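Colleague: Please take a close look at one pocket for me, then work outward from there. Short sentences are fine.

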Amino acid sequence: MIDSAGDKSVSTPFGAVVGQGRLKEALLAVATDDALGGLLVTGEKGTAKSTLVRGLAELLPEQRAIADCPYGCPPDDRERQCAACRERATYPVETRPVPFVSLPLGATRDRVVGTLSVSDALAGQSSFDPGLLARANRGLLYVDEVNLLEDHLVDVLLDAADSGTNRVERDGISRAHPAEFTLIGTMNPEEGDLRPQLRDRFALSVGVEGERDLDDRIAIIDRELGVDGSNDARGGTEPHRERLLSARDLLDSVELTDDHKRGIATLCLDAGVDGHRADIAIARASRALAALDGRPTVIDGDIRTAASFALGH
């Protein structure tokens, strides 16, 4: 995982978490399709919400990026590059893990969007120190307790999510850079609600609660106490990673039939949702779920599961 300071760390591995199957599937779905648009996770404390989100970081694939670009621009897609990279004829390329960046609750605006220093406004001379949105470009941005995020930071996230660009202005000087990211937020509803505008930016949502199965609760205790090596479950994480990588390779070829599209549209009309975001979210999530199961065609069960993720919020 890359935390807010850019350092890699992983606490409890993804495969070590007992239960929470729906949350695991939703996380793997948004990691399969970069265009899904994010995931909101709600639930009481102590239900492994943030643990699983952070554990997702070690499952993520690698990506090719321009090595000396602070935004990690894609070397093979000029349209998604920053202005500086588009002007270059050649550039060094590296392979790196997909970024996973945590946005701390008390972060300042400058830390999120970056700092623009103007040494001579009349001459147009300026320097830009990129922020967290720059690090999260082409990756995942995680906000714990997203419902407690200050309004001015919510506005920043909404602007970047809508445009795919982060723009910073000061003293008549502006800088802009690509900021395409999948937003993942966790929250405890007992601590406050989420602004409707931000809630609408999450394509999927999952509600979690403590495990009700007795054996699972005992397994959780054993894991925390390290009984019989149950706290060493990195080996159980690798199948999740292989499943995700295979799904990403298969995704573009997964078929969603016309009948399934009609069923999704009818479902959303019957649910009375506004706009078309839910239709698109269900369609994309259905394909991601099929890819995760290694199937070339969406089935009804994929659509039912996707709808439960996309319509709940």
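Modeller: The second largest pocket has a volume of about 280 Å³. Its lining holds 14 residues, and Gly-46, Thr-47, Ala-48, Glu-211 and Ile-220 are the closest to its centre. A pocket here is an open set of points on a 1 Å grid over the protein atoms alone, where a 1.4 Å probe fits, with protein on both sides within 12 Å along at least five of seven lines; lining residues have an atom within 4 Å of a point. Grid points are joined across faces, edges and corners, and the volume is the space filled by probe spheres set on the points.

This is a predicted model: local features need pLDDT of at least 70 and side-chain atom pairs pLDDT 80 or more, while totals for chains, interfaces and linings use all residues. Residues are numbered from 1 along each chain as its sequence is written, and side-chain values use heavy atoms, with hydrogens and water left out.

By class, the second largest pocket is lined by 4 nonpolar, 5 polar and 5 charged residues. Ala, Val, Leu, Ile, Met, Phe, Trp, Tyr, Cys and Pro count as nonpolar, Asp, Glu, Lys and Arg as charged, and the others, Gly among them, as polar. Helix α8 (residues 214-225) gives the most to this lining, with 3 residues. Helices (H or I, at least four residues) and strands (E, at least two) are DSSP runs numbered from the N terminus.

Now the strands. Strand β1 covers residues 39-43, and 5 bridges join it in parallel to β11 (residues 204-208). Another 4 bridges join β1 to β10, also parallel. Strands pair if DSSP finds at least two bridges between them. Toward β11, Leu-40 stands opposite Ser-205, and Thr-42 faces Gly-207. Toward β10, Leu-39 stands opposite Ile-184.

How covered are these strands? In β1, 5 of 5 residues are buried; in β11, 4 of 5 are. Buried means under 20% relative accessible area, exposed over 50%, and partly exposed in between (1.4 Å probe, protein chains only). In a regular strand, side chains alternate between the two faces of the sheet. In β1, Leu-39, Val-41 and Gly-43 point one way, Leu-40 and Thr-42 the other, and all are buried.

Next, the largest pocket. Its volume is about 1000 Å³. Of its 42 lining residues, Asp-34, Ala-35, Leu-36, Gly-37 and Ala-203 are the closest to its centre. The lining has 19 nonpolar, 7 polar and 16 charged residues. β2 (62-66), β7 (139-144), α6 (151-163), β10 (181-187) and α11 each supply at least two of them.

Helix α11 gives the largest share, 5 residues. It spans residues 277-292, 16 in number, and reaches 22 Å from first C-alpha to last, close to the expected 22 Å. That expectation is 1.5 Å times one less than the number of residues. Of the 16 residues of α11, 13 are buried. Just after α11, Gly-294 takes a positive phi of about 75°.

Last, the cysteines. With a disulfide defined as a pair of cysteine sulfur atoms within 2.5 Å, the count is 0. Cys-73 is in none; its nearest cysteine sulfur, that of Cys-69, is 3.6 Å away. Cys-73 counts as buried because its relative accessibility is 0%. Cys-268 is buried too, at 3%.
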